[in-house]
Amino acid sequence: MPTSWYQVIPIVLDQIQSLQPRSVLDVGIGFGKYGMLIREALEVPLGRYYKHQWQIKVDGVEVFSGYKNPIHE
């Protein structure tokens, strides 16, 4: 399944904002929802809206090729 329960999003983002990581590894990226939310939580508040401005490294691993979509590139 390429998605996760939306109910845990606030909990995960609270932890991400609390930790302020410099890098994140998303295992089982599915649709890529958390990668985008992590960018929104850690980059946008600092005015880093564009890819060339990003300072947080977000890597994702997905073993099922059927879940790959253009957002993953």
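R48 touches L42, E43, Q53, W54, Q55 and I56, leaving aside residues up to four places away in sequence. This is a predicted model, so read the contacts and distances with that in mind. R48 sits in the loop between α2 and β2, and at 11% relative accessibility it counts as buried, since the cut-off for that label is under 20%. Two of its neighbours are also polar partners. The side chain of R48 makes a polar contact of 2.5 Å with the side chain of E43, and another, at 3.3 Å, joins the side chains of R48 and Q55.

**Salt bridges**

The R48 and E43 pairing also shows up among the salt bridges, of which the structure holds 3. Here they are, with the N to O distances.

| Partners | N to O distance |
|---|---|
| R48 and E43 | 2.5 Å |
| R39 and E43 | 3.0 Å |
| D59 and K57 | 3.7 Å |

What joins R39, E43 and R48 into one network? Salt bridges that share partners do. E43 appears in the bridge with R39 and again in the bridge with R48. How accessible is E43? Its relative accessible area is 0%, so E43 is buried. Both R39 and E43 are buried, and R48 is buried too, with a relative accessible area of 11%.

The D59 and K57 bridge has its closest N and O atoms 3.7 Å apart. Are its partners buried, exposed or partly exposed? D59 has 37% relative accessibility and so counts as partly exposed, while K57 is partly exposed with a relative accessible area of 49%.

**R39 and helix α2**

Back to R39, which lies in helix α2. Its relative accessible area is 15%, under the 20% cut-off, so R39 counts as buried. Besides the bridge to E43 at 3.0 Å, the side chain of R39 reaches the backbone oxygen of I56 at 2.6 Å. R39 touches V44, W54, I56 and V58, once residues up to four places away in sequence are set aside. W54 and I56 turn up in the contact list of R48 as well.

How enclosed is α2 as a whole? With 7 of its 10 residues buried, α2 is largely enclosed by the rest of the structure. The buried ones are Y34, G35, L37, I38, R39, A41 and L42. What covers them includes α1 (9-19), β1 (23-27) and β2. One of these residues, L42, is also touched by R48 from the loop.

That loop between α2 (33-42) and β2 holds P45 too. P45 is exposed, with a relative accessible area of 57%, which is over the 50% cut-off. If you want a sense of distance across the model, P45 and Q7 are 38 residues apart in sequence and 23 Å apart in space, C-alpha to C-alpha.

**Aromatic pairs**

A pair of aromatic rings is described by the distance of the centres and the angle of the planes. The structure holds 2 such pairs. Y49 and Y50 make one of them, with 6.5 Å centre to centre and 70 degrees between the planes, an edge-to-face arrangement. Both Y49 and Y50 are exposed.

Why is the pair of F64 and Y67 edge-to-face? The ring planes of F64 and Y67 stand at 75 degrees, over the 60 degree cut-off, with the centres 4.6 Å apart, so edge-to-face is the right label. The two residues differ in accessibility: Y67 is buried, with a relative accessible area of 18%, whereas F64 counts as partly exposed at 46%.

**A nonpolar patch**

F64 also belongs to a nonpolar surface patch. Which residues make this patch? L25, V27, V61, V63 and F64 do, and the patch covers about 540 Å². V61 has its place in strand β2 (residues 57-61) and is partly exposed, with a relative accessible area of 41%. So β2 contributes V61 to the patch, and β2 is also among the elements that cover the buried residues of α2.

Notes
Residues are numbered from 1 along each chain as its sequence is written. This is a predicted model: local features need pLDDT of at least 70, side-chain atom pairs count only at pLDDT 80 or more; totals for chains, interfaces and linings use all residues. Side-chain values use heavy atoms; hydrogens and water are left out. Rings of Phe, Tyr and Trp (its six-membered ring) pair if their centres lie within 6.5 Å; planes under 30 degrees apart count as stacked, over 60 as edge-to-face and the rest as tilted. Buried means under 20% relative accessible area, exposed over 50%, partly exposed in between (1.4 Å probe, protein chains only). Patches are made of residues with over 30% relative accessible area and no salt bridge: like charges are joined within 9 Å, nonpolar side chains (Val, Leu, Ile, Met, Phe, Trp, Tyr) within 5 Å. Accessible areas come from the Shrake-Rupley method with a 1.4 Å probe; for residues, only the protein chains shown count as cover. A salt bridge is a side-chain nitrogen of Lys or Arg within 4 Å of a carboxyl oxygen of Asp or Glu. Helices (H or I, at least four residues) and strands (E, at least two) are DSSP runs, numbered from the N terminus. A polar contact is a pair of N or O atoms within 3.5 Å; within protein, one must be able to donate a hydrogen and the other to accept it, and residues adjacent in sequence count only if both atoms are side-chain atoms. Contact means heavy atoms within 4.5 Å.
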